[in-house]
Amino acid sequence: MNDLILAIESSCDETAAAVVRDGREVLSNVISSQIPIHERYGGVVPEIASRNHVLQLPGVIDKALEEAGCGFDDLSAIAVTYGPGLVGALLTGVSAAKALASARKLPLVAVNHIHGHIAANYIAHKDLEPPFVCLVASGGHSHILYVKDYTDFEILGRTRDDAAGEAFDKIARVLGLGYPGGPKLEKLAQEGNSEAIPFPRVTFGEDCYDFSFSGVKTAVINYVHKQEQKGEGICKADLAASFQRAVVEALVSHTMAAAKAKGCSVVALAGGVSANGALREAFSVAAEKEGMRLYYPPLILCTDNAAMIGCAGYFAYQEGRFADSRLNAVPNLKL
Ligand code: KG4
Ligand code: ZN
């Protein structure tokens, strides 16, 4: 044991590289965020993201190796996110990883970004082992998964329309909060009354753990329009708090119900939305009530990073699952 993996992540607007030892020990975790670049457009512009990945990747990779105190000769493999995500953005990381693996004669490991988000929990919690139920809630995904093993997953529930993070981003835009919406909406919600406006919670029957967030999104937009028509103002903080509560309650109740049905008493959270304080708090309360163990990563490992890709890559590496020079980006890669 002493496998060092260099991991590269470029699926959206973070250019990231990390070196991870034996799957769980992070030697370096370099993240170059493009938030200041995309902020003025109110969202990620794919073409601009790709161009900036190309500019940033060499420096970010060098820095990750330097901070880890190692060189290419010390590595066991190179892991890279190949989907899901923005095709151009993914391609920059995949191309860099393929070139480095080929030049340095290193095995190449292709990592599903969602597997990476789940794996962030293994880095943060050395005692965590499958099986457990994991909620992955990010800008593009909202899944409840049964993590049977490090590389084996069963989908228990998923969103039928918008992802939770996407709903946060859209409502933040309606409220004029800007990009990225999730953290800004959370901050505003802290000043509001979460019971002020009753927004809908959608369920699809007792044994179904799927989500739908388009209904609550539309309800918020309709509420704003109605208030405007009546010439009445809106309390943005109350609206943010009430919206956040509706989303959080759906995420918590469906995940806990799925875990119970599965007879599983270990629950983990992952993805950008798991950085949300109200969500963490609500899960903590629910887990305590149900006598379940709850895990979530520190904030820096909730949102996109390469350490989580190095961790997920390590488990695929151990199983000898290698990619070759034909590896391509798969923007709509499934679990
Ligand atoms: O996992 P991530 O960094 O990228 C994707 O894989 O999508 O997640 C980004 C998403 C965005 O939609 C962002 O608004 C949301 O996570 N997010 C949050 C918070 N921090 C990030 N949503 C709610 N509260 C937060 N504190
Ligand atoms: Zn992500």
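Visitor: Where does P131 lie?

Guide: Happy to start there. P131 lies in the loop that runs between α4 and β6 (132-137). Keep in mind that this is a predicted model.

Visitor: How should I read the peptide bond from P130 to P131: cis or trans?

Guide: Look at the omega angle. For the bond from P130 to P131, omega is near 5°, and the bond is cis. Another cis peptide bond joins G83 and P84, with omega about -10°. P84 has its place in the loop between β4 (77-83) and α3 (87-103).

Visitor: What about phi at D22?

Guide: Here the sign is the thing to check. D22 is not a glycine, yet its phi is positive, at about 50°. You will find D22 in the loop between β2 (14-21) and β3 (25-33).

Visitor: Now the ligand. How many residues surround ligand 1, and which are the closest?

Guide: Begin with the shell of residues. Around ligand 1 there are 18 of them, and H117, G139, D169, E186 and N276 are the closest. Sorted by class, the shell holds 11 polar, four nonpolar and three charged residues.

Visitor: Which helices each supply at least two residues of that shell?

Guide: Three helices do so: α4 (113-124), α5 (164-174) and α6 (181-189).

Visitor: Why does ligand 1 lie between domain 1 and domain 2?

Guide: Ask which domains feed the shell. Both domain 1 (4-118 + 302-318) and domain 2 (126-297) give residues to the shell around ligand 1, so the ligand lies between them. As for pockets, ligand 1 sits in the largest one.

Visitor: What is the distance from a nitrogen atom of ligand 1 to an N or O atom in the side chain of N276?

Guide: That pair is 3.0 Å apart. On the oxygen side, an oxygen atom of ligand 1 is 3.1 Å from an N or O atom in the side chain of H113. A backbone partner appears as well: a polar backbone atom of D304 is 3.1 Å from an oxygen atom of ligand 1.

Visitor: And how much of the accessible area of ligand 1 does the protein cover?

Guide: Compare with the ligand on its own, which has 550 Å² of accessible area; the protein covers 89% of that.

Terms used
Residues numbered from 1 in each chain as written. Chains lettered and ligands numbered in written order. Predicted model: local features only at pLDDT ≥ 70, side-chain atom pairs only at ≥ 80, totals over all residues. Heavy atoms only, no water. Near = heavy atom within 4 Å. Polar contact = N/O pair within 3.5 Å; in protein donor to acceptor, adjacent residues only side chain to side chain. Areas by Shrake-Rupley, 256 points an atom, 1.4 Å probe, with all protein chains shown as cover. 1 Å grid on protein atoms, 1.4 Å probe; cavity = no way out; pocket = protein on both sides within 12 Å on 5 of 7 lines; lining within 4 Å. Sits in = over half its atoms within 2 Å of the grid points. Helix = DSSP H or I, 4+ residues; strand = E, 2+ residues; numbered from the N terminus. Nonpolar A, V, L, I, M, F, W, Y, C, P; charged D, E, K, R; others polar. Domains from an automatic or database assignment.
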